[in-house]
Amino acid sequence: MKKVLIAYTSRAGTTDKMANYLAEGVRIAGNETTVVKISSIKKETDLSGYDGYLFGCPTYHKDMTGGMKQFLFLAASANLTGKMGGAFGSHTHSGEAAPMIFETMQHVFKMDVTDLGPLNLTEEMMGTDEGTRACQQYATALCGKF
Ligand SMILES: Cc1cc2nc3c(=O)[nH]c(=O)nc-3n(C[C@H](O)[C@H](O)[C@H](O)COP(=O)(O)O)c2cc1C
């Protein structure tokens, strides 16, 4: 059984829902997961001991949040090279945050990112069963690489 850390931020609750459906997918695939807000991660050792990582942030003002930028600086010191990774986030129209996080995981942290790319869902989609399934399937696909 592998362990996946889901670390995210959410202002209005939609990315929070994504995190919880992703966690269901990890468990459906027979793995363990810890779901945390990035604000509770204080030091790089809080990121150690996991086989896979899902980082999530909504898009505000065509950007990721300041908190997520700080979190990524911390994650840069955690040596995630070669670990499995994916990124997710909710948006309404432009959705910059999840792809930016995904690129950082891939090119800066040199993680083994999922071929699916970032999971970048609209707020509207997250109100549907299709959105729920998209989250669960993203997580099961990530776990399929273990
Ligand atoms: C002030 C404000 C700015 C926003 N800017 C963007 C944006 O630039 N691009 C986008 O796609 N969505 C934008 N959104 C929509 C949010 O990304 C969307 O509501 C998302 O679901 C919020 O996620 P959360 O509930 O996890 O906080 C904005 C929303 C607000 C309130």
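The exercises below treat a predicted model and are each followed by a worked solution. Residues are numbered from 1 along each chain as its sequence is written. Local features need pLDDT of at least 70, side-chain atom pairs count only at pLDDT 80 or more, and totals for chains, interfaces and linings use all residues.

**Exercise 1. Check the span of helix α1 (residues 14–28), and state which of its residues are buried.**

Solution. Helices (H or I, at least four residues) and strands (E, at least two) are DSSP runs, numbered from the N terminus. The expected span of a helix is 1.5 Å times one less than its number of residues. For the 15 residues of α1 this gives 21 Å, and the end C-alpha atoms are 21 Å apart, so the two values agree.

Next, apply the burial criterion: a residue is buried if 20 or more other C-beta atoms, placed from the backbone, lie within 10 Å of its own, exposed if 12 or fewer, and partly exposed in between. The buried residues of α1 are Thr14, Thr15, Met18, Ala19, Tyr21, Leu22, Ala23, Gly25 and Val26. An α-helix has 3.6 residues a turn, so residues three or four places apart point the same way.

Finally, identify the cover, where contact means C-beta atoms, placed from the backbone, within 7 Å. The covering elements include β1 (3–8), β2 (32–37), β3 (52–56), β4 (84–91), β6 (119–122) and α4 (129–143).

**Exercise 2. Describe how β1 and β2 pair and how the chain crosses between them.**

Solution. Two strands pair if DSSP finds at least two bridges between them. β1 and β2 are parallel, with 6 bridges. One bridge sets Tyr8 against Lys37 of β2. The chain passes from β1 through α1 to β2 in a right-handed β-α-β crossover; that is, with the strands pointing away from the viewer, the path from the first strand over the helix to the second runs clockwise.

**Exercise 3. Which faces do the side chains of β6 take, and how does β6 pair with β4?**

Solution. Leu119 and Leu121 point to one face of β6 and are buried, whereas Asn120 and Thr122 point to the other and are not. β6 runs parallel to β4, joined by 4 bridges. Opposite Leu119 stands Phe88.

**Exercise 4. Characterise the shell around the ligand.**

Solution. A residue belongs to the shell if its C-beta atom, placed from the backbone, lies within 6 Å of the molecule. The ligand is surrounded by 19 residues, of which Ala12, Thr14, Thr15, Pro58 and His91 are the closest. Two or more residues come from each of α1 and β4, and α1 gives the most, with 3. By class, the shell holds 3 nonpolar residues (Ala, Val, Leu, Ile, Met, Phe, Trp, Tyr, Cys and Pro), 4 charged (Asp, Glu, Lys and Arg) and 12 polar (the others, Gly among them).

**Exercise 5. Locate Asn79 and Lys110, and give their phi values and exposure.**

Solution. Most residues other than glycine have a negative phi. Asn79, in the loop between α2 (66–76) and β4, has a positive phi of about 50 degrees. Asn79 is partly exposed, because 13 other C-beta atoms lie within 10 Å. Lys110, in the loop between α3 (97–108) and β5 (112–113), has a positive phi near 55 degrees. Lys110 also counts as partly exposed, with 14 C-beta neighbours inside 10 Å.

How values were computed
Two residues are in contact if their C-beta atoms, placed from the backbone, lie within 7 Å.
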